[in-house]
Amino acid sequence: MSERTAPREGVLRKIMNFREINLIFIILVLVAVLWWLKPAFVSELNLRSLTINLATNLVVVIGMALVIISGGIDLSVGSVVALSSAVTTVLFRDGMPVAAASVCGLLVSVCCGVFNGYLVAYHKLPPFIVSMSMMSIARGLCYILTTGTSISLVNKLPQWFNFIGGGYIGKAPFLVLTCVALGLIADVLFRKSPILRLVYYVGSNERAAAFSGISTRRVKLAVYVTTALLSGIAGQMFLSRFSYATPNVGNGLELTMIASCCIGGVSMEGGEGTVLGSMLGVVLMALITNGMILNEVSVYWQQFVMGVILISAVILDYVRVRRAAARKSREA
Amino acid sequence: MDEFVLRMEHIGKTFPGTRALDNVSIELRRGEVLALVGENGAGKSTLMNVLGGTESPDSGRIFIDGAEMGRYGTTEARDAGIGFVHQELSSCLHMTVAENIFMGRLHLYKTALGFTDYARINGEAEKYLTTFSSKARPAQKMRELKIADQQVVEIIKSISINCKILIFDEPTSSLTEKEAEHLFDTINRLKSQDIGIIYISHRMEEVFRLSDRIAVLRDGKLVETLKTSDTDANGVVSRMVGRSISEFYPPKSREFGPDILEVEGLSSRNLFQDVSFKLRKGEILGFSGLVGAGRTEVACGLCGLLEADSRSIKLDGRGIVIRNYSDAIKRGIVYLTEDRKALGLFLKLQVKKNITSTNLKGVTNGFFISGEAEIRTAAEYAKKLNIKLSSVEQRADSLSGGNQQKIMVAKWLYTAPRIFILDEPTRGIDVGAKSEIHNMLRELCDAGTGIIIVSSELPEIVGMCDRVIVMRENRVMGEVAGGGIAEETIMKLATAV
């Protein structure tokens, strides 16, 4: 019986084994290509709008990665982003102080997570259906609350609240700094925290986790609540940046997030993946969109190209996994 | 025409690490019931899988109706007239009885417009159901039927494709006594239609009631084919177990300490009733019995992995309550599962993450898991248990069965258990690893940990245990200790001869 030999020890091995290295490389190449095609790509204006646009997605993708790693899925993230901002907007408009309204927006998001998590974890309902229902319920609530129109709070919100989404520290947008920092902290926690390790155990083999004494139901409930909370935070950031609520914010966001996770190496079967990878997935997709806009590619082509990129990532991953499996069976 | 409807000659099959079938030859006459008996792992299933075409033999020949079979797979087996009634039924529960009977042949029954002719298949199904005096209706959904009726549908399905040989694998395991009677009538009717029947069962009573001849398998070899009228249950059982203990087991205990675990009246609704036992310090306690006797359920019930009630559970003389598995683990009562792949390991995760999964606190420093501590701990256990790996950062599924088993043992040892329950601790692993695990268990026991072994392998039970509780059909049938522990005594209790 032969065992697979591990690669050599050392710094080089660590870097090469670092799964995200491929993605970082692709992103760097893409940046170089875009720079060469359109020098305007590296203009302060473009970089600023590019990073601000993708910043809130970095927060949402943490949650999506979490729920997929746990072996589930959450299709309601986009709707929860919208609901969180809508609740806060309506309450603030009706006289509540913004801090309290903001907390209420987050609480409503958490409730959405409890709904998903409770039904998935304690009643074993399929997460796809549960979160799809939540997606519709939350979106519906947005329309009900806003009566289907945009509600503008421009020039009404206090300055500190607007600073979150629109402020600058030096030349760097505060929002981008916050989101990147959140993502990096999450990445470290995903790798190192014993509680998040439980999520990997549950996602890798839920029954084995139960047979190891892990209360899988509590873990899953916590996962869905956290995902919804992160979407809620993204909703607050959106409000702070634009000062208005509109019921169709985040439409289709869940699909972009799932695609980013997939590109970032999160296993759709659960148990495997990193926040860093998922964040790089978000960056890659944003770069491609940005590049197409700068190069005046027809809007009609953009969705098409995104689909091709996604399926290429999936096929590459599939080939990688199958090669590894073939290698193993040869050795056995 | 050949006297035999089936002849299997010199069948051999080797799996990595085990010789599953070694030169086995059986034959079957028309209208005869041949019982196939043997301990768990004796090779019955493999032999029947070969016959069914799901497993291809390494050597040997198969003759059906005197004709030698060439290329042989599931399709060829079915076309040659081999039918299976599985222990776990393989019906499509959401489809009708008639659709199940004619599964795969619906395209042969078409109306002029090319749609399925339900009137015709329902009519034909009706005829069969009447012949077998079944109360099921052709248009009924399978899920509405009781297991016994589903079984009849399975039998009809085989008959309707003109099967000549019908294999029953533990068919009565989920039937009531009355339903079993009905099945025996059905089998006798099939006999009279000249169908050859192979009947696999652990229940001696049935074997003697139904069969004309009995083929006894042991360790992948055919021991003997006996005429049922020439032998009795004792004769069969002694042939099933009569094996020399070739493996080396560590010496048993001579001295026992006080009771460390006392379980009184443990019951779980339909799974097992009123199980009481004690475990003394320095003693290895065995749970023996046939597969499905309820041993695993008792172990899971004790640990809170299954819902169970008890009059009392005392650990070191103090009463404890176990509501769920984490309660049990906190008290130091841990359970190593028999199903390594589905329940035991995180196959896709690294070895180190598997080992630390039961006790993350042990490698956590402040808020974070210390990568260095995790590697150190895993390496320490790998060394202690002699797990062969090149790095603790390998994935668990890159290791062999024996080493995977040791990882499971390691993950529980890492919790420093007070009572260690092992379900099939050496299933499907090579002799070397087996012996290492056995020695390690005896050392643990001598150091004061309570060890309970649940095993279907009689030599393991006899070789390792100081006392053995034998279960049959969800009840404790008896207890043997010390010099009384012998394969025959245990087998008799387990099969109620």
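# Worked exercises on a two-chain model

Strands β13 (residues 284-288) and β21 (residues 467-472) of chain B run parallel as partners, joined by four bridges. Keep in mind that this model is predicted.

**Exercise 1.** Find the sheet that holds β13 and β21 of chain B, and work out which strands sit at its edges.

*Solution.* Start with the pair you already have: in it, B:Leu285 stands opposite B:Arg467 of β21(B). Now widen the view. The open sheet has six strands, and in chain B the order reads β16-β19-β20-β13-β21-β22, with mixed pairing. Next, look at the two ends: β16 (333-336) and β22 (475-481) of chain B each pair on one side only, and that makes them the edge strands. From one strand to the next, the twist averages 20°. Finally, add the helix that packs on this sheet: α17 (residues 487-495) of chain B touches β13, β21 and β22 of chain B, and its direction makes about 30° with that of β21(B).

**Exercise 2.** Describe how domain 1 and domain 2 of chain B meet.

*Solution.* First get the bounds: domain 1 of chain B covers 4-241 and domain 2 covers 259-495. Their C-alpha centres are 36 Å apart. Then count the contacts: ten residues of domain 1 of chain B touch eleven residues of domain 2 of chain B. On the domain 1 side, helix α8 (residues 233-241) of chain B gives the most, with four residues. Last, sort that side by type, and you get four nonpolar residues, five polar and one charged.

**Exercise 3.** Decide which residues of helix α7 (residues 159-166) of chain A are buried, and what they pack against.

*Solution.* Pick out the buried residues first: A:Phe161, A:Asn162 and A:Gly165. They share one side of α7(A), because the arc they cover around the axis is only 95°. It helps to recall that an α-helix has 3.6 residues a turn, so residues three or four places apart point the same way. Now flip to the face turned away from the buried side, where you'll find the exposed residues A:Gln159 and A:Trp160. As for partners, the buried residues of α7(A) pack against α5 (98-123), α8 (174-192) and α11 (216-242) of chain A.

**Exercise 4.** Work out what chain A brings to its contact with chain B.

*Solution.* Begin with the totals: 22 residues come from chain A and 28 from chain B. On the chain A side, α9 (194-204) and α10 (206-210) each supply at least two residues. Of the elements there, α9(A) gives the most, with five residues. To finish, split the chain A side by type: seven nonpolar, eight polar and seven charged.

Conventions. Residues numbered from 1 in each chain as written. Chains lettered and ligands numbered in written order. Predicted model: local features only at pLDDT ≥ 70, side-chain atom pairs only at ≥ 80, totals over all residues. Buried ≥ 20, exposed ≤ 12 C-beta atoms within 10 Å, placed from the backbone. Arc of directions from axis to C-beta. Contact = placed C-beta atoms within 7 Å. Pairing = 2+ DSSP bridges. Axes fitted to C-alpha atoms, helices over the stretch in contact; angles between N-to-C directions. Domains from an automatic or database assignment. Nonpolar A, V, L, I, M, F, W, Y, C, P; charged D, E, K, R; others polar.
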